[in-house]
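I opened this notebook to record what I looked up on helix packing and on enclosed and open space. The entries follow the order of my queries.

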Amino acid sequence: AGAVLGTIGTASLSKVKKAEQIPFATIPIIFAIQQVCEGFVWLSFSRETFMPWHNQLVYGFLFFAQILWPSFLPLSILWLENDPVRKKWLRMIALCGIMASVVTAYRLINYPVIAEIKEHHVYYGFHAPNMFVVVTSVLYFIATIFPGYLSGIKHMKLLASLLLCSLIVSKIFYSVYLISVWCFFAALLSVVVVYVLKNSHLKETNHSHLDHLNLTGDYKKDHGLEQ
C-alpha cells in the first residue's frame, strides 16, 4: 500500500500548477508514510528486530491518523478554494480540525495507548475518559467529511462522498478496528486526489467563461441589443 500510494503521490505532484495545490497533492504521499508505519507496527508484533520500536511505531501511525489529518485535510482544501464565502466556512471547519488535533494530542500524551492484533486486525485501545472520545470523534468527523462538500473545487464532493461511505462501512463492519481499517480505506481513496487536481482547472475555466457569457447577455438585455 505504501509503495502504491507513493507512486500515486508522485503522479499527484506532477499535476500541480499552483503553489497552493501542493499540500493537497501531498496527501497520497503522507498516506504512504502512514501505511508504511502501520506495516512496521504489524512486524513489531512478531519480529524481534522491530519489537523494541513497537511504541514509537504505534505513536507514529497514530500521529498521522489522529493528529495530522483533522487539521491538514481541511487546510489543504481551504488553500485550494477561491470563493470568499466558501473560504469563510472552510476556515471554521479547519478550526474544528485544529481543535480535534489539539485534544487528540493531549489524549495521546497523557493517557496510555495499546496496540494488539485481534481477528486479523490491529486494535488500538485508548485508556482515556469517554469525554475525549466523544469530543474528538465529532470534531474529527466535521473536519474530514464536511470540507469536501463545502468546497467549490470540481470533483471534491466525490472525494468527500467516498470518504463518508468508507467511514460508514468501517463503522458497521469493523467498528472495533475503525482507526486502522478506515485509514486504510481512506489511503486507497487518495487516488481521487490525482483526479481532483487533474480537473480542478476545468471549473475555474468554465466558470469564468459562463460568467463572461452571463455578463454579456445582461449587458445586451439592459441596453436593448438582444435580437
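In which hand, right or left, does α7 pass α8? I looked this up and found a right-handed crossing of α7 with α8. The model is a predicted one, and I read every entry below with that in mind.

**Entry: α7 and α8**

I noted that helix α8 covers residues 178-189 and that its axis and the axis of α7 come within 9 Å, crossing at roughly 150°. Angles over 145 degrees count as roughly antiparallel. The two helices α7 and α8 are therefore roughly antiparallel to each other.

I then listed the residues in contact. On the α7 side they are Leu159, Leu162, Leu163, Ser166, Leu167, Val169, Ser170 and Lys171. On the α8 side I recorded Leu178, Val181, Trp182, Phe185, Ala186 and Leu189. By class, the residues of this contact of α7 with α8 are eleven nonpolar, two polar and one charged.

**Entry: α6 and α7**

I next examined α7 against α6. The axes of α6 and α7 come within 6 Å, and their crossing angle is roughly 145°. From α6, the contact takes in Phe141, Thr144, Ile145, Gly148 and Tyr149. From α7, I found Met156, Lys157, Ala160, Ser161, Leu163, Leu164 and Leu167. I recorded eight nonpolar, three polar and one charged among the residues of the contact of α6 with α7.

**Entry: α4 and α5**

I looked up a further helix pair. The α4 and α5 axes come within 7 Å and cross at roughly 165°, which makes α4 roughly antiparallel to α5. I recorded the crossing of α4 past α5 as left-handed. The contact of α4 with α5 has 15 nonpolar, five polar and three charged residues.

**Entry: cavity**

How many cavities of 30 Å³ or more does the structure hold? I found one. The volume of the largest cavity is about 30 Å³. I listed its lining as Leu73, Ile77, Thr144, Gly148, Met156, Leu159, Ala160 and Leu163. The elements giving two or more residues to this lining are α4 (54-80), α6 (130-150) and α7 (156-173). The largest share, four residues, comes from α7. I counted the lining of the largest cavity by class as six nonpolar, two polar and no charged residues.

I also cross-checked the lists. Thr144 and Gly148 of α6 take part in the contact with α7, and both line the largest cavity. Leu163 of α7 appears in the contact with α8, in the contact with α6 and in the cavity lining.

**Entry: pocket**

I closed with the largest pocket, in which lies about 840 Å³ of space. The pocket is lined by 33 residues, and those closest to its centre are Gln66, Tyr140, Leu178, Ile179 and Trp182. The elements that give two or more residues to the pocket lining are α3 (27-44), α4, α5 (84-110), β2 (121-126), α6, α7 and α8. I recorded 23 nonpolar, eight polar and two charged residues in the lining of the largest pocket. Leu178 and Trp182 of α8, which I had listed as meeting α7, are among the residues closest to the pocket centre.

Terms used:
Residues are numbered from 1 along each chain as its sequence is written. This is a predicted model: local features need pLDDT of at least 70, side-chain atom pairs count only at pLDDT 80 or more; totals for chains, interfaces and linings use all residues. Side-chain values use heavy atoms; hydrogens and water are left out. On a 1 Å grid over the protein atoms alone, a cavity is a set of points where a 1.4 Å probe fits but cannot get out, and a pocket is an open set with protein on both sides within 12 Å along at least five of seven lines; lining residues have an atom within 4 Å of a point. Grid points are joined across faces, edges and corners, and a volume is the space filled by probe spheres set on the points. Ala, Val, Leu, Ile, Met, Phe, Trp, Tyr, Cys and Pro count as nonpolar, Asp, Glu, Lys and Arg as charged, and the others, Gly among them, as polar. Axes are lines fitted to C-alpha atoms, for helices over the stretch in contact, and angles run from 0 to 180 degrees between N-to-C directions. Angles under 35 degrees count as roughly parallel, over 145 as roughly antiparallel, 65 to 115 as roughly perpendicular and the rest as oblique. A crossing is left-handed if the near helix is turned anticlockwise from the far one by less than a right angle, and right-handed if clockwise. Contact means heavy atoms within 4.5 Å.
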